Amino acid sequence: MSSQVEETKSPVEPWQGTPPPFPKTPYSATRALDDIDGIAYALHLFLGSHMIESEEYCRKFDPKMERVYFATGFGLIQCVKGLMSFEDEDLVDAIGHVRHGNTIASQHRKRAASLPTRLAGLVVGSLNTSGVGFIKSMTPVERHAELVYAESLFEKALLGIVYSGDWLAFIKEALNMRTTINIYRQLGKYLEAVDAEAEAKGLGPEDPTIDIHFRSGVYLGVGMSNLILSLMPSKLLTIVELFGYKGDRHVGLAYLQKAGGWSADSDIPAIGMEQEGLRRTICDMALLIFHLVLSSFTFDGVDIRMAQKILDYHIQRYPNGVFFLFGQGRLHLCRSQPTAALEYYRKALKAQDQYRNLHHISFWEMAVAHLSLWEINDSLECWRTLAAEATWSKAVYAYGSAVCLLELGGEKHGEEVAALMAKVPTLRQRIAGKSIPLEKFVARKARKFAQQGGRLALPALELSYIFLGITHAPRTVILERMLPLVGAQLEALDAHAGDPKKYGSGQGRGEEEYWDDRALALFLKGICLRYVAYPDPDAVLDTADEASIKEGRAEAEKSAREAFEGVFAIGPKIVYDHYLVYFAHYELARLLACQGDKANAQIQLELVLSGKPLEINTAGKQGKYSMENAVHIRANAALEALERNTRL
């Protein structure tokens with residue numbers, strides 16, 4: 001073994017031989033694709049939880065950052081780093097590296113034809129001044145440069161939106177997104193065209209002259225473009241479609257699966273490590289994010305079994321890979337197995353200590369998993385760690401800590417709770433000039449806490465609902481820990497039913513507090529009973545659970561429906577928490593869908609999306625209610641799922 005190869009010895013067991021040696025000759029743009037093995041190895045290190053070694057390898061391989069794949073690949077690493085930390089310094093650093101990578105990619109691209117030539121090309125198609133013909137006229141290096149230019153432009157737009165905090169920057173970066181999507185569309189059409197030509201010539205379904213690395217990049221770009229557009233809210237999508245952009249979710253998922261050769265028929269991918277393209281693992285990670293994370297607010301296309309296959313494959317390659325350990329944790333949480341999820345999040349914490357900010361993902365997920373198990377003390381510790389270290393949403397971390405302390409009760413926590421609640425409204429951030437809906441929600445709750453003399457009803461359970469903690473809670477936890485809390489709150493309310501003015505803090509707002517708290521208690525009762533009757537479709541149940549569900553379903557679904565209807569009945573008396581009415585309609589729709597009543601489920605969802613005030617008072621009709629966009633996104637997704645007969 002040469003001393004040069006020894007110098008680059010891998011800290012992660014290599015899967016395809018020894019690490020690529022560092023180059024000995026000056027860089028030549030015509031040989032840019034020779035660097036792909038090197039950047040693939042850097043990605044291998046990164047996914048194996050050796051982030052610092054990955055960065056060092058990139059710097060040693062390309063000290064000047066002049067190589068198109070290393071300049072853009074290093075930019076991607078810094079982009080991930082910046083988004084994980086959310087610190088201004090890291091974001092600015094990431095923007096600089098991504099911008100540099102974008103410039104290097106631009107220098108490698110084929111020069112666009114002059115305006116007169118482009119005009120002539122509209123008449124004489126053989127000039128190949130645009131579209132598929134233009135891409136065909138490129139060299140392989142120029143085609144790859146087009147691809148990485150689109151990728152780095154997307155990263156630059158994403159970072160710019162997060163960092164800028166104003167609408168002008170948002171519009172500017174949105175235009176960059178448009179350019180990215182246009183490039184991916186053209187590259188996708190080119191790939192379709194050359195593959196069709198190859199098939200017509202009897203060369204097989206794919207053009208053998210197209211390298212696997214370029215092909216996987218096009219699959220990633222076209223797949224992600226379709227997915228992103230398909231996830232847009234209907235109002236925004238209507239505007240986007242005016243410009244000729246449409247996103248087909250199933251087409252997007254098919255492209256992403258194609259990179260790894262995944263199919264519903266086999267647990268093993270058709271494409272192994274020796275045949276895979278550079279962006280195969282990124283395509284697989286995009287699929288995991290869709291099936292395990294974005295499934296929180298969408299339904300159509302979600303396939304937990306597919307996520308399981310992908311994770312089983314990659315956890316063998318990267319047993320210490322922090323991203324795949326996150327995925328395993330999330331998979332178990334989606335299956336209502338929070339105890340198993342916690343084990344994987346703890347493994348992720350131990351897997352690496354180079355990027356401390358990656359630990360914060362584990363702490364966030366653990367905070368929610370502990371809420372699903374109703375382990376308040378443990379959830380509190382996670383929120384406290386986040387509040388001390390993380391910067392994504394200080395307002396939510398402070399509120400999470402406060403509501404856990406409220407749930408624990410006792411005078412010793414009183415001062416700390418009051419101090420945390422007072423801080424919550426001051427910790428809010430803005431992205432693209434807009435408030436973050438979840439932060440606006442917790443700020444309203446914190447103000448309500450102060451108005452009510454230091455009191456909130458069922459705040460930890462309400463937060464658990466928001467983060468799908470009840471959705472993913474084991475059925476026994478719902479029955480034995482959550483429902484009794486709701487029952488106790490309703491009993492306290494019933495004690496003042498004859499004279500609501502005497503309820504609550506005793507600061508002259510007893511009646512206001514009474515109706516808001518009753519609406520919340522009824523809503524949470526409905527949610528708990530809905531999951532007692534119909535656990536989440538992906539929940540793993542044992543035989544005893546299944547028998548118990550069937551036996552008690554009729555009573556649970558009847559009581560759940562009555563609880564939601566109870567929210568509607570007192571809706572006009574709600575003073576602050578008007579969101580409960582709209583979310584109750586959405587949740588009732590899902591219950592009706594589970595019962596097979598598709599027509600009435602659709603009516604409920606259309607009410608949520610109608611934009612009309614529902615069962616609320618005049619004051620509630622002023623402005624937007626809490627998390628309005630969130631329930632609209634979910635209701636839209638639920639309507640699509642109903643139309644496709646997909647599970648809800």
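Is R561 buried, partly exposed or exposed? In this predicted model, R561 has a relative accessible area of 32% and is therefore partly exposed. The close-up views below begin with this residue and its partner.

**View 1. A salt bridge within helix α25 joins R561 and E565.** The side chains of R561 and E565 meet with an N to O distance of 3.2 Å. Because the two residues stand 4 positions apart in helix α25, which spans residues 543-570, about one helical turn separates them. E565, at 37% relative accessibility, counts as partly exposed, and R561 is likewise partly exposed, at 32%.

**View 2. A salt bridge connects K81 with E55.** The closest N and O atoms of K81 and E55 are 3.4 Å apart. K81 belongs to helix α4 (residues 68-85) and E55 to helix α3 (residues 51-61), so that this pair ties together parts of the chain that are 26 residues apart in sequence. The surroundings of the partners can be described separately: E55 is buried, with a relative accessibility of 3%, whereas K81 is partly exposed, at 25%. The structure as a whole holds 30 salt bridges.

**View 3. R356 and E389 form a salt bridge between two helices.** The closest N and O atoms of this pair lie 2.7 Å apart. R356 is in helix α17 (residues 356-372) and E389 is in helix α18 (residues 376-389), and the pair links distant parts of the chain, 33 residues apart. Both partners count as partly exposed, R356 at 37% relative accessibility and E389 at 33%.

**View 4. Several charged side chains are linked in a network of salt bridges.** The members of this network are K445, K448, E462, D516 and D577. As general background, side chains of opposite charge can pair when their charged atoms come close.

**View 5. W364 and Y397 make an edge-to-face aromatic pair.** Among the 24 aromatic pairs in the structure is the one formed by W364 and Y397, whose ring centres are 6.1 Å apart and whose planes meet at 70°, so the arrangement is edge-to-face. W364 lies in helix α17 and Y397 in helix α19 (residues 394-408), and the pair therefore ties together parts that are 33 residues apart in sequence. Y397 is buried, with a relative accessible area of 0%.

**View 6. F523 and F564 form a tilted ring pair within an aromatic cluster.** The ring centres of F523 and F564 are 6.2 Å apart and their planes stand at 55°, so the pair is classed as tilted. F523 lies in helix α24 (residues 510-533) and F564 in helix α25, so the contact between rings ties together parts that are 41 residues apart in sequence. F523 and F564 are both buried. Ring pairs extend the arrangement into a cluster that comprises F441, Y465, F523, F564, Y579 and F583.

**View 7. Two positively charged side chains sit over aromatic rings.** The charged end of R109 is placed over the ring of Y149, at 3.9 Å from the ring centre. K573 lies over the face of W515, and here the distance to the ring centre is 4.1 Å.

**View 8. The cysteines C334 and C594 are shown without disulfide partners.** The count of disulfides comes to 0. For C334, the closest cysteine sulfur is that of C594, and at 16 Å it is too far for a bond. For C594, the closest cysteine sulfur belongs to C528, and the separation of 15 Å is again too far for a bond. C334 is buried, with a relative accessible area of 5%, while C594, at 27% relative accessibility, counts as partly exposed.

**View 9. Confidence in the predicted model varies along the chain.** The protein chain has an average pLDDT of 90, and 92% of its residues score at least 70. The highest confidence is found in helix α22 (residues 459-466), at a mean of 98, and the lowest in helix α1 (residues 3-7), at 35. Over residues 1-10 the pLDDT is below 50, and this stretch has 21 contacts in the model beyond near neighbours in sequence.

Definitions and conventions:
Residues are numbered from 1 along each chain as its sequence is written. This is a predicted model: local features need pLDDT of at least 70, side-chain atom pairs count only at pLDDT 80 or more; totals for chains, interfaces and linings use all residues. Side-chain values use heavy atoms; hydrogens and water are left out. A salt bridge is a side-chain nitrogen of Lys or Arg within 4 Å of a carboxyl oxygen of Asp or Glu. Buried means under 20% relative accessible area, exposed over 50%, partly exposed in between (1.4 Å probe, protein chains only). pLDDT is the predictor's confidence in each residue, from 0 to 100. Contact means heavy atoms within 4.5 Å. A disulfide is a pair of cysteine sulfur atoms within 2.5 Å. Rings of Phe, Tyr and Trp (its six-membered ring) pair if their centres lie within 6.5 Å; planes under 30 degrees apart count as stacked, over 60 as edge-to-face and the rest as tilted. A charge sits over a ring if NZ of Lys or CZ of Arg is within 6 Å of the ring centre and within 35 degrees of the ring normal.
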